[in-house]
Amino acid sequence: MTSSFLRKFRIAFSAIIFICFLAVFWDFRSLIPEKFINYLLFLQFVPSAIKYIDIKTMAAGGFIVIILLTLLSGRTYCSFLCPLGIGQDINSRIGGKIRKKFRRYGFRRPHTIVRYSILALTLGIAVFSGVYVLILLDPYSIFGRFMTYLGKPVILVINNFLANILGRFDIYTLSHVEIKGFKLIAYIVPVVFAVLVGILSFIKGRLYCNMICPVGTLLGLISKISLYRVKFNESKCTKCGRCSLRCKSSCIDFLNYDIDVSRCVDCFNCIDTCPEKALSYSLLGTKSKAPEETKADEGKRRFIKGSLLMLLGISSYARAQEKTVPVPRKESTVKEPRTSPVCPPGAGSIEFFTRNCTACSLCITACPNKVLQPATGQYGLAGFMQPVMDYHKSFCTYNCTVCTEICPTGALKPLMLEAKKLTQIGKVNFIKDNCIVKTEKTACGACSEACPTKAVYMIPYEGNLVIPETNQEICIGCGHCEFACPVTPYKAIFVDGNPVHQAAKKPENKESDITTPVEFPF
Amino acid sequence: MKRREFFRTSFGAGIAAGAALSLGGYDKLWAAAPGNAKYDMIAIMGGNPDAMFDLAIQELGGMETFVKKGQKVLVKPNIGWDVVPDLAANTNPLLVKRIIEHCFKAGAKEVYVFDHTCDNWVNTYKNSGIEKVAKAAGAKMVPGNSENYYQQISIPGGVKLKSAKVHEILLDTDVFINVPILKDHNSTRMTASLKNTMGIVWDRGYWHSNNLHQCIADYALFERKPALNVIDCYNVMVKHGPQGVSKEDVVQMKSQILTTDWVAGDTAAAKMLGVDPQKIDYIPIAHKMGIGNMNLDNLNIKRIKM
């Protein structure tokens with residue numbers, strides 16, 4: 001294969017993949033169809049593997065494709081398909097531009113003990129205990145969290161800025177989106193990893209991928225027997241060492257004509273840079289060629305722009321969280337006796353869900369109502385960052401199944417709309433002593449108004465007043481009542497999660513006695 | 001600029017209104033209602049929503065009575081719920097479309113349509129069928145999903161609701177046409193013209209927790225009043241309102257009420273629903289506050305059957 005083509009192809013291909021990922025995670029207007037998201041995520045290694053263990057069909061066979069691909073071509077996944085890998089390439093490129101004078105790469109020994117220990121630990125814990133280490137280390141999920149918690153607010157700030165300008169001219173094609181933010185503690189994991197992965201890739205290229213990432217290590221093991229690999233043509237090589245200096249994986253030992261395939265991510269930079277065309281990507285047992293360099297100042301500019309906006313984004317997050325509307329009124333007194341968190345529809349049970357979710361946060365960013373929030377303790381420490389329904393933030397839209405359709409790990413299984421409308425993820429509970437109708441003796445009914453199944457309805461109370469009453473059988477636990485309830489600090493109505501989801505009864509309805517009028521009654 | 005100007009004038013008007021109210025001149029205030037229609041109310045029955053509107057507006061002297069050339073118009077339907085048109089939780093799209101067309105015919109420069117939805121606004125605008133017809137008729141759909149769009153106003157004379165945040169488009173337009181749909185309501189028993197204003201403000205929770213009926217009446221004091229109320233009674237949700245559960249909740253009444261007096265409009269609407277208007281607290285409260293007249297006998301009502 002010709003050398004210049006390989007590297008250019010890698011860059012073009014990975015750029016397209018990366019843009020697709022950005023689009024999917026930043027699609028705050030829900031423009032991208034779920035089908036497309038599924039295609040894109042099919043090949044993500046860890047989500048696909050988790051899904052396969054559960055459903056055992058080729059619909060979740062993406063990781064098998066990746067294993068076969070690795071057997072054929074080495075760790076191409078890491079350079080072509082892994083969004084975190086591509087992101088690191090961009091970052092290390094910026095690092096290279098800024099720190100031009102330093103020789104950052106060059107051959108180094110592998111961190112054998114570290115990387116295999118992490119792989120063994122992650123695998124072992126995932127098999128025998130739970131996914132909590134995998135949650136932290138799955139590269140796709142790390143990327144998803146970067147985009148959801150750190151990247152998307154920047155996009156929203158830009159959108160809001162433009163929407164405000166257009167709004168002045170009464171143009172409403174872009175609409176202002178409120179940046180609600182998450183609990184501060186939820187930012188710890190993405191920020192720590194952003195710093196770790198950011199610094200390592202900025203200075204040392206693919207060191208994170210070759211030292212920490214369990215997927216990288218696993219694919220590295222497999223690629224030891226791959227058919228295609230980068231090889232030296234010893235007769236052409238002048239031992240100038242340029243290839244080694246450009247190797248992001250620091251895996252080229254040019255003095256011994258040796259390339260560590262377990263760390264090579266098939267970026268093809270070495271082939272591209274070799275003036276003697278002494279390197280080639282070929283079948284076990286063949287030879288090579290080489291062209292010149294490309295430049296991109298754009299990256300630097302984008303980085304500076306991005307980081308400035310990031311600052312803006314974070315500060316507006318802080319503002320968004322302060323904004324709670326003070327309502328002058330008596331405070332409620334009875335604390336909601338919650339026994340269980342509410343996990344999203346399609347999960348089946350909290351137990352299944354927490355075992356299969358890698359907290360990639362795709363559902364959190366895709367949820368049109370923003371009811372999905374990263375758990376901070378609701379599922380226990382092991383379930384940190386896994387999505388949980390937060391009915392103080394929002395409620396689950398009756399006519400929506402988005403999260404169930406896009407989950408790449410199968411922790412949420414696709415639900416047809418009709419099935420979702422009968423899936424009871426929690427049950428409504430009414431606390432009369434907190435209710436405005438009782439405490440203030442004025443009309444309210446916000447909860448019943450919001451209820452899509454009329455599991456919350458109104459019955460006569462004192463005088464002209466009506467007060468809520470609940471029917472748990474037809475409640476699906478969407479939380480609209482809890483969200484709408486204006487009482488603080490404790491709600492007068494709340495949804496208690498079903499640890500195992502149940503089937504709600506279909507609401508019955510009869511024709512009314514009122515008939516079509518023939519005369520005006522006034 | 002325009003907005004600031006408006007604030008200045010509304011502040012002045014507020015003081016004037018407050019002064020007038022303190023002198024007890026409720027009726028005189030209302031006498032200055034917008035439009036010089038021949039009737040206080042048109043009640044029409046038996047046609048399609050658009051055909052009924054054509055005839056009814058003609059009886060009021062055409063849309064020109066309310067909309068002058070070059071004016072910006074806000075058409076405010078009820079688009080509260082993510083529900084299909086057949087379930088009658090939102091104003092009939094055919095009616096909304098026809099009203100927009102009449103506005104443009106009368107020379108409106110721009111027509112805007114918006115509601116502060118209860119369900120997800122994107123889905124609600126779409127599934128209500130209103131976004132499509134409004135755009136087709138040349139109107140602009142305005143989002144109401146973010147607090148950013150809402151401006152603080154004060155309501156002099158409000159008993160419980162003394163200030164509110166209202167959507168900027170209400171302040172930026174010259175004419176406000178209120179297009180509610182008549183529905184049963186679980187807590188206030190009925191929703192039509194007055195209660196439709198809950199979709200203009202940002203913080204509805206405040207209303208719910210501070211005497212809902214009084215807040216509904218208080219808001220009607222705000223000086224940006226509707227020039228015309230068109231109450232859609234074509235398909236009427238007679239129970240399980242305001243959202244409804246299924247088609248069994250809906251009765252086809254094939255009616256429409258056009259009025260410049262929203263208290264009168266709601267009184268008539270309540271009777272259509274078979275509810276005693278006295279039992280819907282905000283109607284007698286609004287009547288007593290001088291916002292409108294619930295004694296239909298004293299009004300000039302034209303009843304039409306198609």
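**Contacts, burial and packing in a predicted two-chain model**

Author: In this predicted model, the contact between the chains draws 51 residues from chain B and 45 residues from chain A, two residues being in contact if their C-beta atoms, placed from the backbone, lie within 7 Å. On the side of chain B that touches chain A, elements supplying at least two residues each include strand S1 (41-45), helix H8 (204-209), helix H9 (212-219), strand S11 (250-259) and helix H10 (262-272) of chain B; helices (H or I, at least four residues) and strands (E, at least two) are DSSP runs, numbered from the N terminus. Residues are numbered from 1 along each chain as its sequence is written, while chains are lettered from A and ligands numbered from 1 in the order in which they are written. Since the model is predicted, local features need pLDDT of at least 70 and side-chain atom pairs count only at pLDDT 80 or more, whereas totals for chains, interfaces and linings use all residues.

Reader: What makes up the side of chain B that touches chain A, by residue class?

Author: That side divides into 18 nonpolar, 19 polar and 14 charged residues, where Ala, Val, Leu, Ile, Met, Phe, Trp, Tyr, Cys and Pro count as nonpolar, Asp, Glu, Lys and Arg as charged, and the others, Gly among them, as polar.

Reader: Why is B:Met141 counted as buried?

Author: A residue is buried if 20 or more other C-beta atoms lie within 10 Å of its own, exposed if 12 or fewer, and partly exposed in between. B:Met141 has 21 C-beta neighbours inside 10 Å and therefore counts as buried. B:Met141 is found in strand S4 of chain B, and its contacts, leaving aside neighbours within four places in sequence, include A:Tyr172 as well as B:Val113, B:Phe114 and B:Tyr125. The C-alpha atoms of B:Met141 and B:Val113 are separated by 4.9 Å, although these residues are 28 residues apart along the chain.

Reader: Why is H9(B) described as largely enclosed by the rest of the structure?

Author: Eight of the eight residues of H9(B) are buried, so the helix is largely enclosed. Among them are B:Leu212, B:His213, B:Ile216 and B:Tyr219, and what covers the buried residues of H9(B) includes strand S6 (163-167), H8 and helix H11 (282-288) of chain B.

Reader: How do you know that H10(B) is largely enclosed too?

Author: Ten of the eleven residues of H10(B) are buried, so H10(B) is largely enclosed by the rest of the structure; the buried ones include B:Trp262, B:Asp266, B:Ala269 and B:Met272. Just after H10(B), B:Gly274 takes a positive phi of about 80 degrees.

Reader: What makes the largest nonpolar core a core, and why is it said to lie between two domains of chain A?

Author: A nonpolar core is a set of buried Ala, Val, Leu, Ile, Met, Phe, Trp, Tyr and Cys residues joined through C-beta atoms within 7 Å. The largest such set has 232 residues, and those with the most contacts inside it are B:Val75, B:Val113, B:Ile177 and B:Ala269. Domain 1 (3-299) and domain 2 (424-508) of chain A both give residues to this core, so it lies between them, the bounds coming from an automatic or database domain assignment. The C-alpha centres of these two domains lie 48 Å apart. As for B:Val75, not counting residues up to four places away in sequence, it touches B:Val96, B:Ile99, B:Val113 and B:Ile177, among others.

Reader: How do you know that H9(A) packs against other helices, and at what angles?

Author: Axes are lines fitted to C-alpha atoms, for helices over the stretch in contact, and angles run from 0 to 180 degrees between N-to-C directions. On that basis, helix H9 (residues 139-168) and helix H10 (residues 188-204) of chain A pack at about 115 degrees, with their axes 9 Å apart. Residues that meet here include A:Phe146 and A:Tyr149 in H9(A) and A:Phe193 and A:Val197 in H10(A), and the contact has nine nonpolar, no polar and one charged residues. Helix H6 (residues 83-98) of chain A packs against H9(A) at about 65 degrees, with the axes 7 Å apart. Among the residues that meet there are A:Pro83 and A:Leu84 in H6(A) and A:Pro139 and A:Tyr140 in H9(A), the contact dividing into six nonpolar, two polar and no charged residues.

Reader: What share of each chain counts as buried?

Author: Of the 306 residues of chain B, 59% count as buried, and buried residues make up 49% of the 522 residues in chain A. Chain B comes to eleven helices and twelve strands, and chain A has 22 helices and ten strands.
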